[in-house]
Amino acid sequence: VDDTVVGTMGLVRLGTLTTSEDFNLSGNGGGALIAGTTSTVVVNGDIVLSSNVSIVGAGTMPGLLTINGVISGGFDLVYGGFVEVTGANTYTGSTNVNSGILTVTDSAGLGTTAAGTFVQGGWTLEFDIAAGATVSEAITLGLGVESATPKLLHSAANTLELDGGLTTSLGNTSDNVEISVADDAAGEIRITTVGVTGPHPIEKTGDGTLTIETDNAATLTGA
């Protein structure tokens with residue numbers, strides 16, 4: 001493995017490579033799996049979260065950290081950089097997008113629905129699920145204090161149904177969140193069941209359709 005360091009804090013650094021190794025990440029201060037700044041890393045093995053864990057992909061494109069294995073465990077997971085997860089993951093902790101873009105290609109990519117997913121202002125959660133899907137995760141855009149715009153993106157030309165609820169949470173009620181639906185008229189995000197909560201305007205972008213089926217629809221702007 002190129003440029004691999006395992007430290008006392010459960011740190012694994014990866015340079016450009018493809019690996020089928022399994023990882024059990026833990027540490028007194030939390031475990032971490034970190035790709036190099038411009039590295040292209042593919043992890044085909046499984047990952048066990050034995051403590052709260054950070055997974056950090058490349059900081060600049062075309063670098064990318066792709067995780068094809070299953071992520072399991074009972075702890076929280078923080079993502080940063082450019083990361084793609086393709087598996088049906090089973091971890092029960094929260095999912096946190098603290099920088100970059102997290103791309104999810106499976107309806108269970110965010111783990112179980114026990115703890116929800118949180119997207120920090122200025123960063124993006126992307127769904128690119130080829131067959132269309134229902135995602136039952138509760139998703140929160142913003143952490144309650146920032147003003148930068150968090151973004152939810154559906155990039156596939158099909159319908160993505162979100163039935164776990166969408167919450168907006170930014171520093172000021174005038175700050176907006178962005179929901180972008182594929183640059184293709186066939187793309188659609190359908191928010192059902194729980195709907196949208198939070199006082200913040202939603203800016204809809206992209207050529208696809210955004211449908212909010214409940215009565216608590218937020219203020220919409222944009223295309």
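Here is a walk through this structure, from its salt bridges to a small sheet and then to its nonpolar core. Keep in mind that you're looking at a predicted model.

Let's start with the charged side chains. How many salt bridges does a search of the whole structure find? The search turns up three. One of them pairs E178 with K151, and the closest N and O atoms here sit 3.8 Å apart. Have a look at where these two residues live: E178 belongs to strand β21 (residues 177–181), while K151 belongs to strand β18 (residues 151–154). The two are 27 residues apart in sequence, so this salt bridge ties together separate parts of the chain. Is E178 buried or exposed? It counts as buried, because its relative accessibility is 17%, and the cut-off for buried is under 20%. Its partner K151 has a relative accessible area of 23%, so K151 is partly exposed.

Now move along to R190, which takes part in two of these pairings. With E188, R190 forms a salt bridge whose closest N and O atoms are 2.8 Å apart. E213 also forms a salt bridge with R190, and for that pair the closest N and O atoms are 2.5 Å apart. The link between E213 and R190 connects distant parts of the chain, 23 residues apart. You'll find R190 in strand β22 (residues 188–191), whereas E213 is in the loop between β25 (209–212) and β26 (220–222). Because these salt bridges share partners, E188, R190 and E213 are joined into one network.

How open to the outside are the members of that network? E188 has 11% relative accessibility, so it counts as buried. R190, at 25%, counts as partly exposed. E213 is partly exposed too, with a relative accessibility of 45%.

Next, let's look at some strands. Which strands form the open sheet with parallel pairing? There are three of them, and their order is β3-β6-β9. β3 (23–25) and β9 (71–73) are the edge strands, as each of them pairs on one side only. Neighbouring strands in this sheet are turned against each other by 20° on average, if you ignore direction. If you zoom in on β3 and strand β6 (residues 47–49), you'll see two parallel strands joined by three bridges. Within that pairing, N24 stands opposite V48 in β6.

While you're in this part of the chain, find A32 in strand β4 (residues 31–35). A32 counts as buried, because its relative accessibility is 12%. The C-alpha atom of A32 is separated by 19 Å from that of T60, a residue 28 places away along the chain.

Finally, let's head for the nonpolar side chains. The largest nonpolar core has 47 residues. Which residues have the most contacts inside it? They are I55, I71 and F127. As for where the core's members come from, the largest share is three residues from β21. That's the strand in which E178 lies.

Take I55 as an example of what such a spot looks like. Leaving aside neighbours within four places in sequence, I55 is in contact with several residues, including L33, I47, L65, I67 and I71. Also among its contacts are L77, V78, Y79, G80 and V83.

Methods: Residues numbered from 1 in each chain as written. Predicted model: local features only at pLDDT ≥ 70, side-chain atom pairs only at ≥ 80, totals over all residues. Heavy atoms only, no water. Salt bridge = Lys/Arg side-chain N within 4 Å of Asp/Glu carboxyl O. Helix = DSSP H or I, 4+ residues; strand = E, 2+ residues; numbered from the N terminus. Buried < 20%, exposed > 50% of the residue type's maximum accessible area, 1.4 Å probe, protein only. Pairing = 2+ DSSP bridges. Axes fitted to C-alpha atoms, helices over the stretch in contact; angles between N-to-C directions. Core = buried A, V, L, I, M, F, W, Y, C linked by side-chain atoms within 4.5 Å. Contact = heavy atoms within 4.5 Å.
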